[in-house]
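Thank you all for coming; today I would like to talk through how some helices pack against one another. Please have the sequence and the structure open while I speak.

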Amino acid sequence: DNIDALQTALAAAQEAGVDGELLRDAEERLLELQGAAQRKEEAEGKLADAAGEDDLEALQAALDEAKEAGIDSELLRDAEERLHELKALQDGRAKAQLSLASATTSEALTAALEQAEHAGVDVQQLQDARDR
């Protein structure tokens with residue numbers, strides 16, 4: 001990759017006695033490339049971790065960091081897909097919670113409880129609704 005090529009070129013330039021300022025510029029560029037590669041690697045790790053969890057905010061932050069680091073891979077696309085799934089689940093839970101809160105008949109409450117269980121609403125909220 002670019003880092004290996006630049007390291008090889010730097011070594012050859014040093015052996016050939018190339019001007020010190022030119023070498024310093026190349027060394028600075030090498031450090032920039034190495035830093036970017038490290039940030040990219042760290043961002044990929046955070047993204048992989050966040051994509052395996054159910055934390056919408058952490059996944060969004062990891063996606064933003066990955067994009068900023070220049071990641072464009074299958075991992076990024078998979079994480080974006082996971083983000084959409086988590087948003088859909090969150091929306092489903094919110095709708096189910098609203099249905100639970102607004103149910104005024106036993107039939108509506110039964111239907112809302114079923115919807116809420118399926119949507120993954122918190123167990124305590126389900127119990128509270130059953131106790132009404």
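**Two helix pairs**

Let me begin with H1 and H2, where H1 passes H2 in a left-handed crossing, and I should say at once that this is a predicted model. H1 covers residues 2-16 and H2 covers residues 20-51, and their axes come within 10 Å and cross at roughly 160°. Since angles over 145 degrees count as roughly antiparallel, H1 and H2 are therefore roughly antiparallel to each other.

As for who makes the contact, H1 contributes Asn2, Ile3, Leu6, Gln7, Leu10, Ala13 and Gln14, while H2 contributes Leu23, Ala26, Glu27, Arg29, Leu30, Leu33, Gln34 and Ala37. Sorted by class, the residues of this contact between H1 and H2 are nine nonpolar, four polar and two charged.

Now please move along the chain to H4, residues 74-102, and H5, residues 106-119, whose axes come within 8 Å and cross at roughly 160°. The cut-off of 145 degrees applies here as well, so H4 and H5 are roughly antiparallel to each other. The crossing of H4 past H5 is left-handed.

Which residues of H4 and H5 meet? On the H4 side there are Gly92, Arg93, Lys95, Ala96, Ser99 and Leu100, and on the H5 side they face Leu109, Ala112, Leu113, Gln115, Ala116 and Ala119. This contact of H4 with H5 divides into seven nonpolar, three polar and two charged residues.

Definitions and conventions:
Residues numbered from 1 in each chain as written. Predicted model: local features only at pLDDT ≥ 70, side-chain atom pairs only at ≥ 80, totals over all residues. Heavy atoms only, no water. Axes fitted to C-alpha atoms, helices over the stretch in contact; angles between N-to-C directions. Helix = DSSP H or I, 4+ residues; strand = E, 2+ residues; numbered from the N terminus. Parallel < 35°, antiparallel > 145°, perpendicular 65-115°, else oblique. Left-handed = near helix turned anticlockwise from the far one by under 90°. Contact = heavy atoms within 4.5 Å. Nonpolar A, V, L, I, M, F, W, Y, C, P; charged D, E, K, R; others polar.
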